[in-house]
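Trainee: Could you take me through the core strand region of one model, slowly, and then show me what lies around it? I would like to follow each step against the coordinates on my screen.

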Protein chains: 2
Amino acid sequence: MRRWNGWGEETTEVQLPAHGEAFLAERVGPGQVLVDASLEQVLAKVPHSRLVAHPLVSLDAETRLRHARGQSLPDWLAMRSGEFGQFPDGVAFPESAEQIRELLAWARQQNVLLIPYGGGTSVAGHINPQAGARPVLTLSLARMSRLIEIDEDSLIATFGPGANGPQVESQLRARGYTLGHFPQSWELSTLGGWVASRSSGQQSLRYGRIEQLFAGGALETFAGTLELPSFPASAAGPDLREMVMGSEGRFGIISEVKVRITPLAEQERFYSVFMPSWAQALQAIRTLVQARVPLSMLRLSNAIETETQLALAGHPRQIAWLEKYLALRGAGEGKCMLTFGVTGARAQNAASLKQARRLLKGFGGVFTGTLLGKKWAENRFRFPYLRHGLWAAGYAVDTLETATDWSNVDSLLNKIEASLRQGLAAEGERVHVFTHLSHVYGEGSSIYTTYVFRPGGSYEQALDRWQRLKQAASRTIAENRGTISHQHGVGRDHAPYLATEKGELGMAALQALAAHFDPERRLVPGVLLEE
Amino acid sequence: MRRWNGWGEETTEVQLPAHGEAFLAERVGPGQVLVDASLEQVLAKVPHSRLVAHPLVSLDAETRLRHARGQSLPDWLAMRSGEFGQFPDGVAFPESAEQIRELLAWARQQNVLLIPYGGGTSVAGHINPQAGARPVLTLSLARMSRLIEIDEDSLIATFGPGANGPQVESQLRARGYTLGHFPQSWELSTLGGWVASRSSGQQSLRYGRIEQLFAGGALETFAGTLELPSFPASAAGPDLREMVMGSEGRFGIISEVKVRITPLAEQERFYSVFMPSWAQALQAIRTLVQARVPLSMLRLSNAIETETQLALAGHPRQIAWLEKYLALRGAGEGKCMLTFGVTGARAQNAASLKQARRLLKGFGGVFTGTLLGKKWAENRFRFPYLRHGLWAAGYAVDTLETATDWSNVDSLLNKIEASLRQGLAAEGERVHVFTHLSHVYGEGSSIYTTYVFRPGGSYEQALDRWQRLKQAASRTIAENRGTISHQHGVGRDHAPYLATEKGELGMAALQALAAHFDPERRLVPGVLLEE
């Protein structure tokens, strides 16, 4: 069963190895374990619903509790402390576009606010109900997860919006296809959520971001249904799909999604290379992507992330051997781990691998074959589980991300890391910070930074620490030419920083669209666009 | 000097070869030559301007005449007959964003309508002034054509919006880069125009459409300046660039364009292959593009276009030899000419060529090397000049285009061709119709259809014939899952069909945006969104 107070399946546990704990203790101090609330304790706090009965709406306390929070660190602290704050007044489970329209009409009639809910994996506060006079209905798309149709000539699949990663891939794989969209949240997040929040998957280098995959569909709004027919390309005015993508539920509820699919590849391989320094590594991956070498995935860890990953990997003896070998070949202290993938026909893959190896070697890279690449592939969706292991050891962990042009990547990365590393210096607390680049483009790269800190003596202190760290890093991003999100979306947590990149006029244009589709502001007010 | 009543430079002439004339006479009847008006005759018709003087505005009659019409067939007929209808009351030539803002303020103060003008190459009526009470100022961006900055790490170049194709490429080539955007209008059309109308170039397969190239910039609107910072990718809400692209001047005037550029390729080659039948050809190119073979260009002519091109090519003896050879190898009657390009590093190109040849051979393709490919490359921007040659021989020619998913390409193409071929049947007139696919995607393809017909005895009759043909084909497109434009934009000519693909709610959303940016509707009213 899915955890009510954390990530993923209850049966999947990821523990911190003993030497991993020592590694962190050395860097930020010994862990500080806080006591978790029990489900029963929290259930007792769920208030009476303010909604009248409706056949599509559950008023059940546990259902409401399980749809009250996402997966941000504040959500985690709320769930672990049991201080949820608000709960939705009910959760609806429509099974068709018609039922969504029925619920919209009912919400208007009953003066209810609506929160569209995909997989509940937001890390930016998208789905959290707020205190207020109007009751809140969370609208889960979980029962609309079917593969409706495949156009095999055009390679377009039509899905219900609630299909999560495994549901999307298993239904496609049975027919010989893949969507190829693998965000880290893949086990739980959904197609509709990916579209609404402009998601990006780990293999975006081959398959593109959701922007390249989303071919059309439908949006149910308070002003009517917006149908988005599929065209391979069009010059007929602004692209309405681009209004829906990133709208985060503010304009309407996605009721159908058409996506561009790909026949399953003949072969897929992931390789690792250790680069002797960050400077060389950075130049190497920029050169690689700008030369259009057809890789399917590329991820570069900086020196601290490389060190941290090797320390937390388990198998210290093998790692020691590996490090000895690497040092002999020129990748010693300060080395950076680079993982890349090739996906496609065997002959294509062989050619791509050859090109990539030659180029990386030119920058001093030491090739270590598929062993660590395989490990990456096996563990690609496990990172979110690690929060549990860290928490049990007394550490809080969070990640944040941006993207910027190549000329700014190194500078922005250093500023972000510095803002976090020094973020708790005033109280003499250290923060362990490390970064990888995992989505690369000709123009620039995403920057994905992880920070580990001690929660302090209480949940209040933990939240306060997080707020200071998050604010410092977000400000650094917004003020230094980074987008406030490359893949997590805006939600509530990033909304205060959006105006810096969209501008006053751009924000007003988005407000005008929101007013057009949702004149009474019933759809997740405060998300994306602040009230 | 640029022609005042047709395409391109006066010094460039393209004549119809004698056997080409015979070819057409056989298919639609002997040509009907109409008399052209002289520049003096038209100049005499330019009325007094209704504008007061402004230092940035020219009221000169010839300047106004030269900015009154685009390059659609109705524009051609207007220019050739001398019946221009409306002229702008003046033409402004700003040299900076500040001067654009000054002109916007002046337009408001003087109650003037504005038409942004790039290269004047619209084939959909974007830039034609309309009759009305308010004076009309055409705002040419011709003096804002400079390369302002290159970020060589991020491969981003910043240009003035008025840079035309040769200005863009020559300034970039001097630094070792290319934009790689080559629409057929490239000699005259501009960067700002490409962005405003969602242009696509002949090598979109490698470089992408303008959507993939446009990284940011600025839009001057009546509500203020919309700054679009560059990010490699972002999940921070709807993408405002996507509102600007395709806005066709309705929201504001593009004052700066940042584009993604590419280092000049080591090698570029174009090859031709003759496919034995349309059915095999269609399946072959779909397979090729869906297999992601890294080609830079792909163009497939149907059998009638192949026949027509060979007939109009000149060198009938060599063509006869070629056809004999092709027939012996299995590509006889009904053969379809396919041209493709590879651009990049030599080794990459060799691998791509090998893949493409093998795949096409599997569909019966007969490879004929680079000879015809070179010809294509040499003549890639000459087609618009051919209208002159045809006109002088007594024929009118026009093209129209759409895009649709692969499952619908063949069906839609046949319907479009049939609607044109039968379009003048009521008056016993034949139309020569042929098609190529030149922009291909995994999901589907563009369809580009050319039609040649006789103008009849007068300009009125010619326009009437065109209207009937255009209407029949546009309706066919709109009613059969085609976009009303893949690359030419909406303008006035396609505006009546836009609602079919955007839907009522989508149209209202675009109207809401127009009202937001331009509340007094001063910017090209009637373009994109009908009044």
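Mentor: Happily! A definition to begin with: UniProt positions are given in the numbering used here, feature names are shortened, and an annotation may be inferred rather than shown by experiment. Please also keep in mind that this is a predicted model.

With that settled, the UniProt record, an unreviewed entry, places "domain: FAD-binding PCMH-type" at residues 84-264 of chain A. Over that stretch the chain is 23% helix and 26% strand, and the C-alpha atoms at its two ends are 43 Å apart.

I will move between the two chains, and it helps to know how they relate. In general, two copies of a chain are related by a rotation about an axis and a shift along it. Here, a rotation of 180 degrees with 0.0 Å of shift along its axis lays chain B on chain A, with an RMSD of 0.0 Å. The two copies are therefore related as by a two-fold rotation axis. The same surface serves both copies, as 100% of the contact residues of chain B recur in chain A.

Now for the close look. Which strand should you zoom in on? Try E13 of chain A, residues 297-301, where 5 of the 5 residues are buried. In a regular strand the side chains alternate between the two faces of the sheet. In E13(A), Met297(A), Arg299(A) and Ser301(A) lie on one side, while Leu298(A) and Leu300(A) lie on the other. Both faces are covered, since these residues are all buried.

What does E13(A) pair with? It is joined by 4 bridges to strand E14 of chain A, residues 336-344, in an antiparallel arrangement. There, Leu300(A) has Leu338(A) as its bridge partner in E14(A). E13(A) also pairs in the antiparallel sense with strand E17 of chain A, residues 432-437, over 2 bridges. Leu300(A) appears in this pairing too, standing opposite Leu437(A) in E17(A).

Switch to chain B to examine an arginine. Arg299(B) sits in strand E13 of chain B, residues 297-301. Its relative accessible area is 14%, so Arg299(B) counts as buried, the cut-off being under 20%. Its side chain makes a polar contact with the side chain of Glu305(B) at 2.7 Å. Setting aside neighbours within four places in sequence, Arg299(B) is in contact with several residues, among them Gln309(B), Met337(B), Leu338(B), Thr339(B) and Trp376(B). His436(B), Leu437(B) and Ser438(B) are also among its contacts.

Stepping back along chain B, you meet helix H11, residues 278-290. At 1.5 Å a residue, its 13 residues should span 18 Å, and its end C-alpha atoms are 18 Å apart, which agrees. The buried residues of H11(B) include Trp278(B), Leu282(B), Ile285(B), Arg286(B) and Val289(B). Just after H11(B), Arg292(B) takes a positive phi of about 60 degrees.

Further along comes strand E16 of chain B, residues 396-405. With 10 of its 10 residues buried, it is largely enclosed by the rest of the structure. E16(B) pairs with strand E18 of chain B, residues 444-453, in the antiparallel sense over 10 bridges. One pair to pick out is Thr399(B), which stands opposite Thr450(B) in E18(B).

Next is helix H18 of chain B, residues 459-479, where you will find Tyr459(B). Tyr459(B) is buried, with a relative accessible area of 13%, and its side chain reaches the backbone oxygen of Val35(B) at 3.1 Å. Not counting residues up to four places away in sequence, Tyr459(B) touches Leu34(B), Val35(B), Asp36(B), Leu77(B), Arg80(B), Ser81(B) and Trp391(B). As a distance to check, the C-alpha atoms of Tyr459(B) and Gln471(B), 12 residues apart along the chain, are separated by 18 Å.

Let me finish with backbone torsions. Most residues other than glycine have a negative phi. Arg481(B), not a glycine, has a positive phi of about 65 degrees. It is found in the loop between H18 and helix H19 (495-517) of chain B and is partly exposed, with a relative accessible area of 47%. Leu528(B) also has a positive phi, near 65 degrees. Leu528(B) lies in the segment after H19 of chain B, and it is buried, with a relative accessible area of 0%.

Notes:
Residues are numbered from 1 along each chain as its sequence is written. Chains are lettered from A and ligands numbered from 1 in the order in which they are written. This is a predicted model: local features need pLDDT of at least 70, side-chain atom pairs count only at pLDDT 80 or more; totals for chains, interfaces and linings use all residues. Side-chain values use heavy atoms; hydrogens and water are left out. Buried means under 20% relative accessible area, exposed over 50%, partly exposed in between (1.4 Å probe, protein chains only). Two strands pair if DSSP finds at least two bridges between them. Copies are superposed by least squares on the C-alpha atoms of residues with pLDDT of at least 70 in both. Contact means heavy atoms within 4.5 Å. A polar contact is a pair of N or O atoms within 3.5 Å; within protein, one must be able to donate a hydrogen and the other to accept it, and residues adjacent in sequence count only if both atoms are side-chain atoms. The expected span of a helix is 1.5 Å times one less than its number of residues.
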